Protein chains: 4
Amino acid sequence: MNKLTRRLSGVIPPVVIARHEDGTLDSASYRRNLERLIDAKVHGLFILGSSGEGAFVTDSERLQILRETADVVAGRLPVLVGCIETQTAKVIEAVKVAEDNGADAVVVTAPFYALGGEAQVEQHFRLIHAATSLPVYAYDIPVCVQAKLGADMLIRLGQEGVLAGVKDSSGDDVEFRFLAQKNEAAGHPLLLFTGHEVVVDGAYLSGADGSVPGLANVDPDAYVRQWDAYQAGDWETVRAEQNRLADLMLIASQATSVTGFGAGVGSFKVALRLLGVFESATMPDPVPQLTPEEVDAIRVVLVAAGLLE
Amino acid sequence: MNKLTRRLSGVIPPVVIARHEDGTLDSASYRRNLERLIDAKVHGLFILGSSGEGAFVTDSERLQILRETADVVAGRLPVLVGCIETQTAKVIEAVKVAEDNGADAVVVTAPFYALGGEAQVEQHFRLIHAATSLPVYAYDIPVCVQAKLGADMLIRLGQEGVLAGVKDSSGDDVEFRFLAQKNEAAGHPLLLFTGHEVVVDGAYLSGADGSVPGLANVDPDAYVRQWDAYQAGDWETVRAEQNRLADLMLIASQATSVTGFGAGVGSFKVALRLLGVFESATMPDPVPQLTPEEVDAIRVVLVAAGLLE
Amino acid sequence: MNKLTRRLSGVIPPVVIARHEDGTLDSASYRRNLERLIDAKVHGLFILGSSGEGAFVTDSERLQILRETADVVAGRLPVLVGCIETQTAKVIEAVKVAEDNGADAVVVTAPFYALGGEAQVEQHFRLIHAATSLPVYAYDIPVCVQAKLGADMLIRLGQEGVLAGVKDSSGDDVEFRFLAQKNEAAGHPLLLFTGHEVVVDGAYLSGADGSVPGLANVDPDAYVRQWDAYQAGDWETVRAEQNRLADLMLIASQATSVTGFGAGVGSFKVALRLLGVFESATMPDPVPQLTPEEVDAIRVVLVAAGLLE
Amino acid sequence: MNKLTRRLSGVIPPVVIARHEDGTLDSASYRRNLERLIDAKVHGLFILGSSGEGAFVTDSERLQILRETADVVAGRLPVLVGCIETQTAKVIEAVKVAEDNGADAVVVTAPFYALGGEAQVEQHFRLIHAATSLPVYAYDIPVCVQAKLGADMLIRLGQEGVLAGVKDSSGDDVEFRFLAQKNEAAGHPLLLFTGHEVVVDGAYLSGADGSVPGLANVDPDAYVRQWDAYQAGDWETVRAEQNRLADLMLIASQATSVTGFGAGVGSFKVALRLLGVFESATMPDPVPQLTPEEVDAIRVVLVAAGLLE
């Protein structure tokens, strides 16, 4: 039985990848992180997304990650799989690999590298849905693919059963509110997840069904506490947890030697190494590791957050 | 006594400008709107900002708006004045006119048209502060000026007394949360106002001192109710008012003949005309009025919101 | 008689502004530069554009620059005047001041700060044309105003007599070629000037009627030699002059302390000071002067170009 | 012997892909186009780049295209192969497939989807060079990958033997001129090719070693004539051929139903079908074919250019 026949909601961390110093996959560290997340009672896992090196992995790495995840998770919670490829035929190939290796749903961006307007984006999602029996989530991440997914298109595809939901990493909270309002008015055809780390509370106010915060790799318990408070209508706790997590997210601002993915995911890996979960903070080529000074600065933030002594 | 010696907070509508069909200022309509806002117990007024046609007015129009506002308000609540000019010397000229005509504070963007990096932006604010005795608010509106104001710079200028606060229209809610966190840690040197209409609730969760929503021209009472609920810690009401206002904000999505300012402020003017506050919805050159079909669509939204029968 | 009843063509430097150390206008230096340009036999002058601090000057500075230019030029060559203001009514006020103070034509950008799409841009140009008897040139500078002027609109406005020409600072040489081709097919209603410094030769190949290179403040003779070679069909000389000027343009790459306007126009002012034309390289607020190290690096480039010993 | 031990120069069309109506590769049409290009005496071929559907092909399609190209070309001219993948490890896999299947050089963009600054881009090129014995060309195409390759980095990598050349599709002709000047000053370590269709003449003035114009699929003879005139120093012919080709390039402006890749490459495929080279103008998913009205408009342009009766 597919776990997604149950309505998905809650905290779904985008799992970061563990690598040895030589760049190869570090299975033990990766499994340790998965178990830690499951222990924290997160509600699902999102692998091979942007934080999960979906744009970096080779085909064999992709396969290994899929199989190890399925092996560790063993049906304990749903696994969403990012299929980050430039255009439709390549995405469909990745979707089929995911389908054959334990995915409960796939998460797909707009086509990128070559752009062509919203009609092509819509056709892209339709073709992918037609090629798989898995639920398809739209991944709205304009900073990576240079296209924002329109609310009306998303809801139309939700109503037609093409899309099961949206992972919103657009940073456009106005559009997210409109999307949530329109989705509600349409009978909630889409499950809506925010990719925020720092204003998850605002997304919950807007009616999000859950969150996919990269920072949950570092402190999954806090995001689960925040979710539970949201379910209980205890907004002051939702807000207080968020304020604490916003301070913790400053780990991603300590890097000055690198920007973007290398700073954000790089800081998560450093934190996991400092916390004893990862053996190494090695990044995939061509991304450098953070410097010792940056690691020290991250340690200070972790100590301030009470995660490290 | 300057009203801003009291700590400013709450709902501060950016007042839209009334024009006759021939484009000249419509004093009676403008005054009617001011009185309506004051009756609704808003906490301040922001004139000559982006919604207030600060980039459109001639010198004589600017003067007339300043004087009429001062005349109507008569000290009943603080008046913040936008000084929207490209570079430092021109801004300072506008600031002096504001200072001489009843302004309680000025609101100033980064320099634009010619760009030069953050050091120049900081110097710009320092020179403006040095040229006036009024509190200076930084207006963060990258969509208009192509520069985002950095949190560290803003707080440094707050601590030095150069800036009194920030009007955030960046749409970057992650940075707003970080700004609010850092501002709090620094002893709250800056008053922080969000320019959102649709996720004001999220900004309040982040710790905003108030809001400057253009939509408050249309429904000031709802934003005041939302503020009062925020002060009372009643988050469900904050959220419910926001959901209703998000639906009302769809008036700005009814325009297809025009985009940007013409659609947003244009829809506010149409609503004010339909509500009987404005005589006309005339826009400043070169912006067209909305079409009759668009006006009808706005009417439907107003009726659904219970503002019109 | 308006000099622009003759068909304008050739090299039209955008004249940089001279300021004393205290920031006030330096009349003697400015006049010295004008005479130097006229001696070099440039074909027109463009004042108060982007390089000419059109976005920085106060009203009184604008008036002073207009009057001094008219006084020095005394009809010896046409003077085009930039009217850099955000929206229509403000531009028209600047146009009238130009018209009353010796302008032979005005140069006007798309409206900026508040954006609204091409129909508004077209209406903007129409309203400005209706308000003046001077020829109106469209100034295509998307980096400053966030809008690219479309070729079809420009040619339509040229055919209707609304626009006399285009100053193209878009950097989009593909669109410039299409514009030139379409303009030719339409009977050459528009005079087309490139704002390039470094690929003026390519613009001449595309059929430009002339150039407006900021670097002509530093070496006007070379641009005039290049123009003469173009008129003679001597493309190898056109190209050789361009290669030499491309090397000279590296003065604008020596700044690391500042970017954009401050680096480009800043380097022109430094060169004019080193060449003995300007008393000071002072920039308008909030732009800093270049550092002594940067000045030294510019000196090296000038020596290499044979302009300094 | 690798054909690229000879210094590469001249016209190197980016070969478009032929597909049957059902989307599968159309081998006969593709081979017909290759033979037509070789007959026209182009100087090399660039396959699997942006126009060559490098971002669309599955692994098996990639292999088939490589093998058919090698089979048809049979060493008659050099074949450059685009390896369009998001990040280093994936690019290297594509490079090895190219290396094993007849490539004479590979063409590689900056990493995309996840961005990280110039140091990562440089490391990316270094790692790819280390992984192959083939010459590596940098593909500068910021519109697709959101990063512009800096001239100083490119020349440094050229001097170290990491890069053999650059295919410039940046549209930034100022930077291309600076790159050409600096490359010349450094002893011409890089071969520089422009991706322009419409201002190839300007790129030749700047010193380009050749061109990679998509439009050469439609009219290879004209680009070869233009190249020969460039070699002979006959600039008036260079320019006249360019003007004619600029008019022909209007085939890419006839599409209104689609933008970007679908309009540009779509118009090339339609032209090839109308010229009898391709059986169908089918585009890869999710890109639609042009409409019958757009096909008619393209036919008119082809007739005007004398390519069709």
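Modeller: Chain A and chain D bury about 3,100 Å² between them, 56% of it on carbon and sulfur atoms. This is a predicted model, where local features need pLDDT of at least 70, side-chain atom pairs count only at pLDDT 80 or more, and totals for chains, interfaces and linings use all residues. Residues are numbered from 1 along each chain as its sequence is written, chains are lettered from A in the order in which they are written, and side-chain values use heavy atoms, without hydrogens and water.

Biologist: What does the buried area between chain A and chain D stand for?

Modeller: The size of an interface is often given as the accessible area lost when the parts come together. Here the area is taken with a 1.4 Å probe and summed over both parts. In contact (heavy atoms within 4.5 Å) are 41 residues of chain A and 41 residues of chain D.

Biologist: How many salt bridges are there between chain A and chain D?

Modeller: A salt bridge is a side-chain nitrogen of Lys or Arg within 4 Å of a carboxyl oxygen of Asp or Glu. Chain A and chain D have two, including Lys90(A) with Glu85(D) at 2.7 Å, N to O.

Biologist: Are the residues of strand S6 of chain D buried or exposed?

Modeller: In a regular strand the side chains alternate between the two faces of the sheet. Buried means under 20% relative accessible area (1.4 Å probe, protein chains only). In S6(D), residues 165-168, Gly165(D) and Lys167(D) are buried on one side, and Val166(D) and Asp168(D) are buried on the other. Strands are DSSP runs of E, at least two residues, numbered from the N terminus.

Terms used. Buried < 20%, exposed > 50% of the residue type's maximum accessible area, 1.4 Å probe, protein only. Helix = DSSP H or I, 4+ residues; strand = E, 2+ residues; numbered from the N terminus. Buried area = accessible area lost by both parts, 1.4 Å probe.
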